[in-house]
Amino acid sequence: MEIYKRLSELTIKYPNPAVALGMFDGVHVGHASIIRRAVELAKINKGTSMVFTFANHPLSVLNPEKMPKIIGSKSLRRSIVKNLNVDVMIELPFTKEFSRITPEEFLVLLSEKIAPMYVVTGQNFTFGRFGKGTGRMLIREGVNYGFKAEICPTVTIGRKIVSSTRIRELIANGDLISVNELLGRPFKYVSKVVHGDRRGRKLGFPTANLEIADYRAMLPNGAYAVSVEADNKNYCGIANIGDNPTFNVNQRRLEVYIHNFSGNLYGQEIGISFLDRLRDEQKFNSVDELINQLKQDLQKSIDIWRTKIQ
């Protein structure tokens, strides 16, 4: 998959594009249906499948105070989109200048830079200044710009619409089962490993430490069974989200013990896929009590990992 961070001239290089438009934060099952439709249309017409999105959420520029928590990192979104067999991903920075483009100017931009044969969006997609451009406008005006537009039907699970807003609420409430169902895969946190207190090594459970960015959606404090992607392999693990009350640490963090792993991950980006919740965050009366609990957590995690991953 080719990635473009600037909207350069793509019309000559990529014939008959079918373009999926959207932010696609988290790339949930609803987003995936839009992207798969673009891929399908590209194959039918022997063309190029594309995803046109932004590197940053528009609200980060337009109204930072209302900026929603981000479900997935840019690298995770790229990985998921690539696995959906997309040929080209256009990932533009959203700027104040871009926000001033009218819906008509956006359509001209699409026509001149990409020349799509098909444009595919979701029900709530808007574009152009003040979000005045709608899916109906794409359908109505598309013929004048050389493309046909499709609006994919809303995906529902349990009679409720799948949306990034709903997923954020479920993450905050700790409903991991529902989160994973709406995402179509385990909720995943991707970040670089940072230096910690190295206390876990002394306990026999060395951990990789990841900072929890304020702008990222994260589950409530507690212990979780996880699958860890590190060094191009999948490992079983235990993740702890919290302040580490046993040792009076007052900084929320994500600590991950990776079973049967040895190596140095400092500075490397790893992925933590949350499979199931093990227990609430606890304050233990002694180090021995903590170690015994970690051993129980590990065995539960191994059983869950073997069931859901292997």
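Here are some friendly notes on the predicted model above, point by point.

1. **The largest pocket.** A good place to start is the largest pocket, whose volume is about 1,100 Å³. Its lining counts 42 residues, and those closest to the centre are Gly22, Met23, Asn124, Phe125 and Thr126. By type, the lining of this largest pocket splits into 21 nonpolar, 18 polar and three charged residues.

2. **What builds that lining.** Which elements each supply at least two residues to the lining of the largest pocket? They are helices H1 (29–44), H2 (59–62), H4 (96–99) and H7 (164–173), together with strands S3 (48–54) and S6 (126–127). Of these, H1 gives the most, with four residues.

3. **The second largest pocket.** The second largest pocket holds about 320 Å³ of space. It has 20 lining residues, and Ile70, Gly72, Ser73, Lys74 and Tyr215 lie nearest its centre. Helix H3 (74–83) and strand S11 (187–194) each bring at least two residues to this lining; the largest share, three residues, comes from S11. In the second largest pocket, the lining residues are nine nonpolar, six polar and five charged.

4. **Tyr215, in more detail.** Where does Tyr215 sit? Its place is the loop between strand S12 (207–211) and strand S13 (222–230). Apart from its neighbours within four places in sequence, Tyr215 is in contact with Pro68, Lys69 and Ile70. Ile70 is also among the residues nearest the centre of the second largest pocket, as is Tyr215 itself. If you would like a sense of distance, the C-alpha atoms of Tyr215 and Asn260 are 32 Å apart, with these positions 45 residues apart along the chain.

5. **The aromatic rings.** The structure contains 12 aromatic pairs. One of them joins Phe54 and Phe94 edge-to-face, at 5.0 Å centre to centre and with 85° between the planes. Why is this pair worth a look in the viewer? Phe54 belongs to strand S3 and Phe94 to the loop between strand S4 (88–92) and H4, so their pairing ties together parts that are 40 residues apart in sequence. Both rings belong to buried residues: Phe54 has 14% relative accessibility, and Phe94 has a relative accessible area of 10%.

6. **A stacked pair and a wider cluster.** Phe125 and Phe127 make a stacked pair, with 5.9 Å centre to centre and 20° between the planes. Phe125 is buried at 17% relative accessibility, and Phe127 is buried at 4%. Phe125 also turns up among the residues closest to the centre of the largest pocket. Stepping back, ring pairs link Phe52, Phe54, Phe94, Phe98, Phe106, Phe125 and Phe127 into a cluster.

7. **Helix H8.** Is helix H8 (residues 176–183) largely enclosed or largely open? Six of its eight residues are buried, so H8 is largely enclosed by the rest of the structure. The buried ones are Leu176, Ser178, Val179, Asn180, Leu182 and Leu183. Their cover includes helices H1 and H7, along with strands S9 (156–157), S11, S13 and S16 (269–279). Just after H8 comes Gly184, which takes a positive phi of about 80°.

8. **Two positive phi values outside glycine.** Val27 has a phi near 45°, a positive value in a residue other than glycine. Val27 is located in the loop between strand S2 (17–21) and H1, and it counts as buried at 2% relative accessibility. Arg159 is another such case, with a positive phi near 65°. Its setting is the loop between S9 and strand S10 (160–161). Buried or exposed, where does Arg159 fall? At 86% relative accessibility, Arg159 counts as exposed.

9. **Cysteines.** For anyone planning to think about disulfides, a search of the whole structure finds zero. Two cysteines can be described individually here: Cys152 is buried, with a relative accessible area of 8%, and Cys236 is buried too, at 4%.

How values were computed: Residues are numbered from 1 along each chain as its sequence is written. This is a predicted model: local features need pLDDT of at least 70, side-chain atom pairs count only at pLDDT 80 or more; totals for chains, interfaces and linings use all residues. Side-chain values use heavy atoms; hydrogens and water are left out. Contact means heavy atoms within 4.5 Å. On a 1 Å grid over the protein atoms alone, a cavity is a set of points where a 1.4 Å probe fits but cannot get out, and a pocket is an open set with protein on both sides within 12 Å along at least five of seven lines; lining residues have an atom within 4 Å of a point. Grid points are joined across faces, edges and corners, and a volume is the space filled by probe spheres set on the points. Ala, Val, Leu, Ile, Met, Phe, Trp, Tyr, Cys and Pro count as nonpolar, Asp, Glu, Lys and Arg as charged, and the others, Gly among them, as polar. A disulfide is a pair of cysteine sulfur atoms within 2.5 Å. Buried means under 20% relative accessible area, exposed over 50%, partly exposed in between (1.4 Å probe, protein chains only). Rings of Phe, Tyr and Trp (its six-membered ring) pair if their centres lie within 6.5 Å; planes under 30 degrees apart count as stacked, over 60 as edge-to-face and the rest as tilted.
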